Amino acid sequence: MRSEYKLIFERSHEGRRAYDLPECDAPDAMNEIPEELRASAPLALPELAEVDLVRHYTNLSRRNFGVDNGFYPLGSCTMKYNPKINEELAPLFDDVHPLMDPEMSQGCLALMKDMEDMLCEICGMDAFTLQPAAGAHGELTGLMHIRAYHEHRGDFDRKVMIVPDAAHGTNPASASMAGFKVKEIKSAPDGGVDLDALRAAVGPDTAGLMLTNPSTLGLFERNIKEIAEIVHEAGGLLYYDGANLNAIMGVVRPGDMGFDVMHINLHKTFSTPHGGGGPGSGPVGVKKHLIPFMPVPRIEENSDGMYYLDYDRPDSFGKIKSFYGNFGVIVKAFCYIRSLGGKGLKEASQNAVLNANYVMNKLRGIYEIPHDRTCMHECVVTPTEEMMENDVHTSDIAKALIDRGYHPPTIYFPLIVHEAMMIEPTETESRETLDEFVEAMRGIAEQVKTDAAAIHAAPVTTPVGRPDEVTAARKPIVKYEG
Amino acid sequence: MVPNDRKYTRDHEWVMVEGSVAKMGITAHAAEALGDIVYVELPVVDDEVTMGESYCVVESVKASSSVFSAVTGKVVEINEELDGAPEKLNEDAFENFIAAVEFTEIADDLMDAEEYEKFCEEE
Amino acid sequence: MRSYVPNTEKERLEMLAEIGMKSMDDLFSDIPADLKLDRELDLPAPLSEAELRDLLHAYTVMNEEGGPLFRGAGAYRHYIPSVVPQLAMRSEFYTAYTPYQAEMSQGMLQSLFEYQTVICTLTGLDAANASVYDGATAAAEAMLMLRDNKRRKKILYSAGLNPDVIAVMKTYAHCAELELVEIPLTDKGVTDVSAVAANMEGAAGVIAANPNYYGCIEPMEEIAAAAHEGKGLLAAYVNPITLGALKRPGDYGADIAIGEGQPLGLPLAYGGPYVGFMAATKKLMRNLPGRIAGETRDAEGNRVFVLTLQAREQHIRREMASSNICSNQMLCAIMASMYCCVMGPNGMREVAAQNIAKAHLLAKKLCEIDGVSLRYPETPFFNEFVIDVKNAEAVNTALADYSITGGLILPDGGMLWCATEMNSAEEFDYVCDIVRDALEDMGGED
């Protein structure tokens with residue numbers, strides 16, 4: 001099973017070529033550029049024939065695992081199936097230059113405007129910008145609204161962003177980047193926001209609160225109304241981290257819960273593929289009072305029904321990305337929403353929640369469930385005491401799952417649960433897939449009793465074994481040295 | 001064994017005073033809790049450090065941890081060996097200081113070796 | 001109605017029964033009733049695949065793309081070899097998540113390691129990250145790298161940077177409370193090196209573009225020297241397609257190289273997804289934001305790739321992290337890497353040479369027209385240049401009648417033209433005839 005795989009640089013043969021350009025029909029002009037500005041040597045890139053290059057990447061892809069390969073219950077990441085039709089339709093816009101005159105790009109503008117409107121309805125917000133390129137970029141953009149809002153009111157002392165300790169790492173990092181001081185509050189024993197801790201944390205320096213709901217434990221924040229009231233009464237604004245929006249589409253809307261600003265991860269909730277870590281898309285929605293601060297440009301419609309890009313927005317905090325966002329990703333998410341409609345989106349959320357509860361119920365008694373109540377779209381389980389006594393930890397269970405053909409759940413997150421495994425099945429998995437996964441989890445639990453060493457040796461079915469991460473970090477090798 | 005030639009903080013740092021200079025590092029207990037240390041983000045000579053505030057970050061593969069200063073003053077020396085060999089903190093945390101600070105103020109709640117050992121046991 | 005939920009109604013009911021619930025509504029009992037939406041979402045009716053296809057085509061016909069294009073200004077039309085999109089559509093790649101589980105993600109991790117090597121090769125630097133969102137956010141992140149490395153809040157930037165890039169830098173700088181100082185251009189269209197030197201006091205470094213927004217090739221060596229002289233660093237914002245012909249950032253002493261990777265095999269796609277690349281010297285490696293792949297071994301000694309130096313990142317450092325980036329543009333980065341490997345050293349040189357040849361021919365032909373002149377005739381350029389013309393609007397309107405997208409009109413009335421290997425000499429004659437006629441018509445109206 002084990003095998004090393006050559007780097008593309010190690011497959012190079014001088015003189016081979018895969019490129020093919022037309023003959024140049026213009027006279028060579030290299031001499032127009034003074035020699036001291038020109039490259040002195042050819043770039044040390046590999047030289048391959050097309051077939052060699054194709055086989056290199058095709059075989060590399062076989063050393064990878066995507067949703068199309070199998071079950072991928074990675075909590076907080078919503079690894080749902082990525083519909084094929086969307087991949088086919090997004091490239092229809094490949095030839096549109098972003099700086100084409102608006103008269104020549106009305107289709108792109110119209111599609112984005114229609115997308116903004118649909119996201120407003122789904123989330124109960126008043127306006128959306130599609131520009132942020134990913135969830136964390138959306139968080140930063142959203143927080144810029146909060147900062148601009150306070151600054152516009154002359155309220156320069158509101159410098160503190162409150163973040164629960166259960167939050168994704170991006171939340172405090174985005175708050176820092178937006179120029180806020182982060183105040184972390186401890187979660188209540190039930191995993192929700194501790195109202196007393198929140199009351200103690202708010203004050204005249206409060207800029208806002210960042211909240212994920214359902215929380216990173218997969219639980220709905222039952223006190224959301226009280227939380228919104230406490231923050232608003234203190235003069236702060238409420239930020240909604242949309243990472244877990246897949247639980248609640250068509251059931252409850254962030255805007256109706258009292259949130260002032262939010263982001264969505266189109267690459268989670270709206271099924272666009274993750275691409276091995278990107279591109280994503282993180283549209284930001286706001287309530288009316290934050291519209292003046294939104295990033296430029298905004299898409300507007302003139303009296304002739306023509307769309308145009310409006311840069312003339314004096315209170316805007318500025319630009320956050322080149323052009324208008326990850327347009328190709330937006331098209332795929334647009335296709336997804338248009339395929340499902342309102343009823344279909346609700347059906348997706350309902351089944352996501354059903355699948356998570358179904359799995360949690362079946363794992364009860366095999367693993368520990370620290371917060372055992374009806375979960376939303378994901379559940380958090382931990383190893384039993386017996387497993388820990390056998391020195392089998394969450395990371396070992398993850399590796400053992402790989403040998404059984406599954407991508408492991410998110411591990412060691414949220415940080416507030418020791419040895420957490422966060423399982424998010426999503427709605428696009430069938431009952432038998434869930435049953436088989438539970439059987440695999442049970443098999444691991446049983447193997448701990450009979451052969452814990454085998455679990456420590458996992459994975460054995462993969463092309464490589466567990467990497468030595470300590471050496472990788474101590475003596476970093478981050479490029480091929482030839 | 002916790003050496004008794006120096007003092008200790010409740011955040012598992014040690015401080016050894018020689019005249020007006022305090023050498024500081026982390027304890028073996030801290031190094032063990034961090035696991036394999038892969039990087040030490042050292043302060044820079046002439047940096048001002050403040051008692052109770054972070055002056056250094058120690059990284060393992062999956063964690064990063066602030067190291068807090070027991071004194072207020074100016075960094076006069078850093079242990080550059082840690083830059084290329086952070087594992088030295090795992091090997092012997094007491095033999096490898098992080099920074100030496102010319103100090104004007106020192107924490108008044110430092111523990112001696114015996115008190116620190118007791119503190120670790122109770123923690 | 002379209003549904004991607006495999007379980008049938010019967011199966012769903014059985015599953016509900018198994019967890020002791022009667023209906024889907026029971027699953028949501030934690031949500032306060034008065035917050036719940038008491039109606040269906042008001043969205044357009046669901047579409048079948050065929051209807052969806054028709055709808056998307058309806059949007060495309062509202063566009064007028066596909067004609068000759070002479071516009072760049074940050075996004076460039078280059079030939080994309082067929083293998084690049086086809087290999088990127090291997091679903092093991094595009095439907096995967098971030099390669100946190102190294103053993104089952106070697107394909108992506110090795111591809112990333114190769115991408116990092118390609119970027120280091122192009123830029124002549126030691127380390128690259130796994131990408132950021134685009135060129136503009138790469139410049140904004142570079143600003144933070146300069147701040148962190150030098151621990152100074154003053155940053156110089158050249159007025160020759162793309163205005164979009166400057167705008168994004170300003171937004172980020174406001175949040176980080178940085179002091180941004182603009183270095184003007186000389187009348188030759190390049191960064192005023194003496195102004196760099198004069199402003200370096202207390203600055204962490206300077207960010208300058210090569211070629212700059214106006215197409216001009218900058219005296220980067222001199223800018224680097226001025227930055228270093230002033231105890232600061234240089235971050236070079238480069239168009240990567242130029243690096244087959246022009247000096248690399250590492251060659252002229254840049255400490256950081258950043259840029260928009262779109263010219264390397266990514267479609268225009270109305271502005272995204274593109275890819276921001278970032279590279280740095282070894283000394284600055286740990287200041288790079290986001291993911292980095294590294295090489296290590298497994299217990300049997302096999303070479304393995306893994307995400308490394310993670311303790312810099314937000315999921316570990318949280319509010320102490322210098323960047324919040326999590327998702328990046330990984331698939332786009334891999335495509336850029338594939339493109340460079342298809343082209344190889346000779347292809348990269350040839351595509352650069354063709355761009356230079358075409359742009360110079362176009363510039364020559366345009367300037368043969370009465371009333372058209374090159375704004376910076378003494379300054380070398382790559383594939384873009386600015387012309388001055390009496391009425392740029394009239395020129396572009398005339399071209400648009402033939403579905404041709406002319407140069408970008410600048411706020412001062414100049415036009416920024418671009419030619420790549422995708423434009424033919426025949427097109428140039430055709431375009432010049434239209435431009436000539438448009439200007440003559442106008443002359444008649446005067």
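Which residues does A:Ile416 touch, not counting residues up to four places away in sequence? Keep that question in mind as you open this predicted model, and begin the tour by selecting A:Ile416 itself, which sits in the loop between strand E11 (410–411) and strand E12 (421–423) of chain A. Leaving aside residues up to four places away in sequence, A:Ile416 touches A:Asp165, A:Ala166 and A:Ser187. Now add A:Ala167 to the selection: although the two positions lie 249 residues apart along the chain, the C-alpha atoms of A:Ile416 and A:Ala167 are separated by 9.4 Å. A:Ile416 counts as partly exposed because it has 18 C-beta neighbours inside 10 Å, while a residue needs 20 or more to be called buried.

**The hairpin in chain A**

Next, select strand E8 (residues 298–301) and strand E9 (residues 307–310) of chain A, which pair in the antiparallel sense over 4 bridges. To see one of these pairs, pick out A:Glu301, whose bridge partner in E9(A) is A:Tyr307. The two strands form a hairpin with 5 residues between them, and in the turn you will find A:Gly305, which has a positive phi of about 75°.

**The sheet in chain B**

Move to chain B and select strands E4, E6 and E7, which form an open, antiparallel sheet in the order E4-E6-E7. Strand E4 (37–41) and strand E7 (64–68) of chain B are the edge strands, each pairing on one side only, and the twist from one strand to the next averages 25°. If you then look at strand E6 (residues 54–60) of chain B together with E7(B), you are looking at an antiparallel pair joined over 5 bridges, in which B:Val58 stands opposite B:Ser65.

**The domains of chains A and C**

Colour chain A by its three parts, namely domain 1 (8–61), domain 2 (84–339) and domain 3 (341–457), and note that 42 Å separate the C-alpha centres of domain 1 and domain 2 of chain A. Chain C can be coloured in a similar way, as domain 1 (83–339) and domain 2 (345–445), whose C-alpha centres lie 30 Å apart. Where these two parts of chain C meet, 13 residues of domain 1 are in contact with 18 residues of domain 2, and the domain 1 side of that contact divides into 8 nonpolar, 4 polar and 1 charged.

**Where the chains meet**

Show chains A and C together, and you will find 171 residues of chain A in contact with 170 residues of chain C. On the chain A side, helix H9 (residues 327–363) gives the largest share, 23 residues, and that whole side divides into 92 nonpolar, 45 polar and 34 charged residues. Then show chains B and C, where the contact takes 4 residues from chain C and 7 residues from chain B; the chain C side consists of 2 nonpolar, 1 polar and 1 charged.

**The nonpolar core**

Finish with the largest nonpolar core, which has 350 residues, and in which A:Tyr239, C:Ala139 and C:Met143 have the most contacts. Helix H11 (residues 330–367) of chain C gives the most to this core, with 22 residues. As a last selection, centre the view on A:Tyr239 and look, again without counting residues up to four places away in sequence, for the residues that A:Tyr239 touches, among them A:Leu143, A:Ile146, A:Leu211, A:Phe259 and A:Met262.

Methods. Residues numbered from 1 in each chain as written. Chains lettered and ligands numbered in written order. Predicted model: local features only at pLDDT ≥ 70, side-chain atom pairs only at ≥ 80, totals over all residues. Core = buried A, V, L, I, M, F, W, Y, C linked by C-beta atoms within 7 Å. Buried ≥ 20, exposed ≤ 12 C-beta atoms within 10 Å, placed from the backbone. Nonpolar A, V, L, I, M, F, W, Y, C, P; charged D, E, K, R; others polar. Domains from an automatic or database assignment. Pairing = 2+ DSSP bridges. Axes fitted to C-alpha atoms, helices over the stretch in contact; angles between N-to-C directions.
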